[in-house]
Amino acid sequence: MLSRTAESLYWAARYMERTDATARLLEVGYRMAMMPTASGGHANEWESVLAAAGAAQGYANQFDEATKVDTAEFLIFDEANASSIRNCLRSARNNLRAARTAITSEVWEAVNESYLRLLDMEQKRNLSLPELCDWTKRQSAVLRGAFSTTQLRSDGYDFFNLGYYVERADNTARLLDVKYYVLLPTIDMVGGEIDRFQWLTLLRALSAHRAFHWAYGGDISPDKVAHFLILNPSSPRSLLFCAEQVDRYLKHLSLANGARTPADDFASDMFEALGTARIDEIMAQGVHDFLTECIKRNARLHRLIGESYLFGAV
Amino acid sequence: MSSMNKPAFFNEMYDGDVLRPAYEHIVELFAKYSPDELALKKAEAETIFRRLGITFAVYGEENNAERLIPFDMMPRVFLESEWRRLERGVKQRARALNAFLWDVYHRGEIIRSGRIPAELVYCNAAYEPSMVGITPSRKIYSHIIGIDLVRTGLGEFYVLEDNCRTPSGVSYMLENREIMMRMFPDLFHRARVEPIDNYPDALRRTLLSVAPVKCDGAPCAVILTPGAFNSAYYEHSFLADQMGLELVEGSDLFVDGDYCYMRTTRGPKRVDVIYRRIDDAFLDPLCFNPDSLVGVPGLMNVYRSGGVQICSAPGAGVADDKAVYTYVPEMIRFYLGEEPILKNVPTWMCHKQDDLTYVLENLKDLVVKEVHGSGGYGMLVGPAATKAEIETYGARIKADPAAFIAQPTLALSTSPTFVESGLAPRHVDLRPYCLVGEKVTLVPGGLTRVAMREGSLVVNSSQGGGVKDTWVIADDA
């Protein structure tokens, strides 16, 4: 497969997964905003949402105050925000267009229809924020579904999935970090009603609150949620699960190509480290520090995949 | 239906008030659909086109907006007997054009014999001196030739122009058929339409059959595109997909030693045949335009030494130049010893003083084109132009006569087309795609372009023209 095609597939998956994550973040934001603040003080959910999306600086360049309307506009439609849902969807479409010969018509039609529909919605502005979030998540599911039901299981499939899981690990770490670090700085609120509600919201946004109850039973507690999203091997968004998938698709590629790459080594180290980690140790170390480290390692993995398979070589 | 019988133009559907045999079944079958149903079908077709991403960009429009080509559901029909004659004519022309190209890059016999003026060839902007002495596989320079034809009477076909470089539009021919088969299965059931879906296979075989001498083992062919923002990108990806070939950009290819390779996730892979959809000037920045970012540095060296085949060959454009066009019948006689089956449109060449005088005096009746123009840009249709337009154009011609040719306004045939008020005659042309490799192949069909505006003779998509499916049916169907 052409290196450029591999890169396009990888990026298309990353962008698509990012639209999904942004929609979920917005969902966290508007659900939390519905909750009265205990202190009666100013709620800062939207700042947290922007911080988690890595968009705080870009937002501050345009707006003074983080409000629901402006945040939603910035994260969904804004042309200047490279990670807005609209821009991500367009980038996903451009990448798939460039890799048109490596994807099925079902996959192309899924992304093309989503994009054209979003342009239409952008003009009409007839959907509420919850509807837009739902719609975005559904589009990402449709594309994912089209991909897994129609694509040939060749190296293109592996590159596409690599993009998905590298992006997803990044997003899970960021989402969890919002709750842990940004959202609730005062220690006296820990364990309170708002705290519990926020954990629940986080799980809901990941479509995982029922799964959580099945897996852990009983009450929501920070260490259980952290375990669920970091170390649970059966949670499809946990860092461990993502690391396992990345490891698997890289192995698959290097097996077919007959040569191990630096990305393989790094990914299996990551997988092993997460596989043997313990949640109490992570909590003791500090979850925020741990997550920051994870995001850095994920970025390094991304670079190694590029170097191993000649992305962007000229 | 009286409006369908304008006497001046050949009507492909009606002979006076009588339906021509080719259209008998189709009219009957279409009559079964109510106007509402047809409107619904039309909307359905457009949705499919847009969803598939079959759009084209119009250069010069804001953001190169993606647009749909208007698709007309009424097919344009040929009887098999009519088609066979056309087919022979097209293949004959394709052979002669390739013989001409080989000749002008070697001894130039046709020029020595005085049949074509030397300056017309050797001073032509499309003539490529770096090709002199190079002999491509099977002596073929132009592997895909699109020949634009118009009809003026029952057996009367004229060639408007030849396209020897990289004619586009074949994806529309194939997709139009797909859409028609999806929407009107009963039509095909009844009419016994000859299939065209073997075109991608025929194209692949053509490309593989011209693998270079130095290629050992199974040849690897690729399509070279300028990228996803090119107006014809959809077609490039469509053909690559249909043929199972890689679609590469210049940056995916590189030259190492005697060969050209593509960068893959498994390391370099040798490329033997390049079906390029970029212009000569951009192919190799070391040999042609040094600013080209879409080409492959060093490619021409590999080509010269027989390490790779480029389709079509650089410099193939000298055969489809609008001035050289006038000599194609002469080429057919000279190289093949045959009489041309298809006619040329009489052409006045403005670089000749007599012709220039005539053209300037009769601008209101003529069609004037730029010698190197294409896509319907920069032409004058005398009968449709205003007095002021004619005057401005006349001044352009006087400033540089050699850059223009003129032809009489042809009575282009009309084919029935769905417009708002129902079926109405609209002018059409036809571009069949002739493949030249080990064999000369022409699939029974082509791209019919239709001028959607009443009375208009300009069918180019960039000027608002539409497309139709083109059928060849058995005479007794």
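**Group meeting talk: strands, helices and a chain contact**

Let me begin in chain B, where strand 16 (residues 348-349) of chain B and strand 19 of chain B run antiparallel and are joined by two bridges. Please keep in mind throughout that what we are looking at is a predicted model. Within that pairing, Met349(B) stands opposite Ile405(B), which belongs to strand 19 of chain B. Strand 19 of chain B also has a partner in strand 17 (residues 366-370) of chain B, and here five bridges join the two strands, again in the antiparallel sense. In this second pairing, Val367(B) is the residue that stands opposite Gln407(B) in strand 19 of chain B. As for its surroundings, strand 19 (residues 404-408) of chain B has four of its five residues buried, so it is largely enclosed by the rest of the structure.

Let me turn to another set of strands in chain B. Strands 10, 11 and 12 of chain B form an open sheet in the order 10-11-12, with antiparallel pairing. Strand 10 (253-256) and strand 12 (267-271) of chain B are the edge strands, each of them pairing on one side only. If we ignore direction, neighbouring strands of this sheet are turned against each other by 45° on average. Looking at one pairing in detail, strand 10 of chain B meets strand 11 (residues 259-264) of chain B over four bridges, in the antiparallel sense, and Leu253(B) stands opposite Met262(B) in strand 11 of chain B.

Next comes a helix from the same chain. Is helix 14 of chain B well covered or hardly covered? Helix 14 of chain B is hardly covered, since the count of buried residues among its 13 residues is one. Its length can be checked with simple arithmetic: at 1.5 Å a residue, the 13 residues of helix 14 (residues 387-399) of chain B should span 18 Å, and because the end C-alpha atoms are 19 Å apart, the two values agree.

I would also like to point out a single residue, Ile54(B), which is found in the loop between helix 2 (35-52) and strand 3 (56-57) of chain B. Is Ile54(B) buried or exposed? Ile54(B) has 20 other C-beta atoms within 10 Å, and because the cut-off for a buried residue is 20 or more, Ile54(B) counts as buried. Leaving aside residues up to four places away in sequence, Ile54(B) touches Phe49(B), Glu175(B) and Tyr234(B). By contrast, Thr386(B) lies 332 residues away along the chain, and its C-alpha atom is separated from that of Ile54(B) by 35 Å.

Finally, let us consider where the two chains meet. The contact takes 22 residues from chain A and 19 residues from chain B. On the side of chain A that touches chain B, the elements giving two or more residues are helix 1 (3-33), helix 5 (85-98) and helix 6 (105-124) of chain A, and helix 6 of chain A gives the most, with six residues. The residues of that side of chain A divide into 10 nonpolar, six polar and six charged.

Helix 5 and helix 6 of chain A also pack against each other, at an angle of about 150° and with their axes 10 Å apart. Their crossing is left-handed. Among the residues that make this contact are Leu89(A) and Arg93(A) of helix 5 of chain A, and Trp108(A) and Tyr115(A) of helix 6 of chain A. The residues of this contact between the two helices divide into eight nonpolar, two polar and four charged.

Technical notes:
Residues numbered from 1 in each chain as written. Chains lettered and ligands numbered in written order. Predicted model: local features only at pLDDT ≥ 70, side-chain atom pairs only at ≥ 80, totals over all residues. Contact = placed C-beta atoms within 7 Å. Nonpolar A, V, L, I, M, F, W, Y, C, P; charged D, E, K, R; others polar. Expected span 1.5 Å × (residues − 1). Buried ≥ 20, exposed ≤ 12 C-beta atoms within 10 Å, placed from the backbone. Pairing = 2+ DSSP bridges. Axes fitted to C-alpha atoms, helices over the stretch in contact; angles between N-to-C directions. Left-handed = near helix turned anticlockwise from the far one by under 90°.
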